[in-house]
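User: I would like to go through this model one feature at a time, with the reasoning set out for each answer. Please start once the structure is shown.

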Amino acid sequence: MGLSAGTLYETDQYVEGTLKIGANSLMGNPNASEDEITRMSWGELAQNNALAHADYSKESFDRALQNSEQGWKDAGRDVMTSHTLGPMGLNPENLHGAFGVSDSEYNQVLDDTFGPSPEERAQAAAQQQAQQGGSGG
């Protein structure tokens with residue numbers, strides 16, 4: 001009888017853990033391990049997801065819009081600098097020289113149209129962070 005009770009308890013724990021992992025896979029934290037999930041209570045599991053503390057503020061939506069716009073600009077820049085777009089090498093990156101447009105002029109057109117490249121933005125952010133880190137000490 002004692003062995004049966006222990007087996008039933010272990011089975012219940014296993015099933016509950018499996019259900020928690022399934023629930024987490026639908027709405028929970030994708031970075032949490034299975035062990036972390038099974039140790040959480042159902043209440044903790046309900047609070048450990050992206051929707052539990054969602055930010056619906058205007059500032060959040062504005063940031064999301066800016067990120068989306070920047071993504072489209074980056075995609076446009078990628079198309080215009082791709083060597084694989086078009087048949088037999090007929091693409092903007094290869095053809096701008098054939099039309100007498102220098103690399104610097106072409107890069108200026110890209111910057112005017114799409115803003116700074118992701119690499120330039122990352123470099124500027126790193127420089128800004130270095131300046132803030134150096135002056136904050």
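User: Which residue's side chain does Asp74 meet in a salt bridge?

Analyst: This is a predicted model, and in it the N to O distance of the pair is 2.8 Å, which lies inside the 4 Å cut-off and therefore qualifies as a salt bridge. The pair links distant parts of the chain, since Asp74 sits in helix H4 (residues 58-80) and its partner in helix H7, 47 residues apart. The residue that Asp74 meets is Arg121.

User: Is Asp74 buried, partly exposed or exposed?

Analyst: The relative accessible area of Asp74 is 22%, and the buried class ends at 20%, while the exposed class begins over 50%. Its partner Arg121, with 27%, counts as partly exposed. Because its 22% falls between the two limits, Asp74 is likewise placed in the class partly exposed.

User: How far apart are the closest N and O atoms of Glu16 and Lys20?

Analyst: Both residues belong to helix H1, where they are four residues apart, or about one turn of the helix. Glu16 is partly exposed at 29% relative accessible area, whereas Lys20 counts as buried at 6%. They form a salt bridge, one for which the 4 Å cut-off matters, as the closest N and O atoms are separated by 3.9 Å.

User: Which residue forms a salt bridge with Arg63?

Analyst: The side chain of Arg63, which is partly exposed at 44% relative accessible area, takes part in a salt bridge with an N to O distance of 3.7 Å. The partner also counts as partly exposed, at 41% relative accessibility. That partner is Asp55.

User: To which backbone atom does the side chain of Asn24 come within 2.9 Å?

Analyst: Asn24 lies in helix H1 and is buried, because its relative accessible area of 9% is under the 20% limit. Apart from neighbours within four places in sequence, Asn24 is in contact with Asn29, Ile37, Leu45 and Asn48. A polar atom of the Asn24 side chain lies 2.9 Å from the backbone nitrogen of Asn29.

User: Which residues make up the largest nonpolar core?

Analyst: In soluble globular proteins, nonpolar side chains tend to be buried together. Here the largest such core holds five residues in all, and one of them, Ala23, is in contact with Gly28, Trp42 and Leu45 once neighbours within four places in sequence are left aside. The five are Ala23, Ala32, Ile37, Met40 and Leu45.

User: Which helix gives the largest share of the nonpolar surface patch?

Analyst: The patch, made by Tyr14, Val15, Leu19 and Trp42, covers about 450 Å². Val15 is partly exposed with a relative accessible area of 40%, so it passes the 30% limit for patch residues. Three residues of the patch, the largest share, come from helix H1.

User: Which backbone oxygen lies 2.8 Å from a polar atom of the Thr113 side chain?

Analyst: Thr113 is found in helix H6 (residues 103-114) and is partly exposed, with a relative accessible area of 48%. The C-alpha atoms of Thr113 and Arg77 are 8.5 Å apart, although 36 residues separate them along the chain. The oxygen at 2.8 Å from the Thr113 side chain belongs to Val109.

User: Is Ser117 buried or exposed?

Analyst: Ser117 is found in the loop between H6 and helix H7 (118-135). Not counting residues up to four places away in sequence, Ser117 touches Arg77 and Asp111. Because its relative accessibility of 8% is under the 20% limit, Ser117 counts as buried.

Terms used: Residues are numbered from 1 along each chain as its sequence is written. This is a predicted model: local features need pLDDT of at least 70, side-chain atom pairs count only at pLDDT 80 or more; totals for chains, interfaces and linings use all residues. Side-chain values use heavy atoms; hydrogens and water are left out. A nonpolar core is a set of buried Ala, Val, Leu, Ile, Met, Phe, Trp, Tyr and Cys residues joined through side-chain atoms within 4.5 Å. Buried means under 20% relative accessible area, exposed over 50%, partly exposed in between (1.4 Å probe, protein chains only). Contact means heavy atoms within 4.5 Å. Helices (H or I, at least four residues) and strands (E, at least two) are DSSP runs, numbered from the N terminus. A polar contact is a pair of N or O atoms within 3.5 Å; within protein, one must be able to donate a hydrogen and the other to accept it, and residues adjacent in sequence count only if both atoms are side-chain atoms. Patches are made of residues with over 30% relative accessible area and no salt bridge: like charges are joined within 9 Å, nonpolar side chains (Val, Leu, Ile, Met, Phe, Trp, Tyr) within 5 Å. Accessible areas come from the Shrake-Rupley method with a 1.4 Å probe; for residues, only the protein chains shown count as cover.
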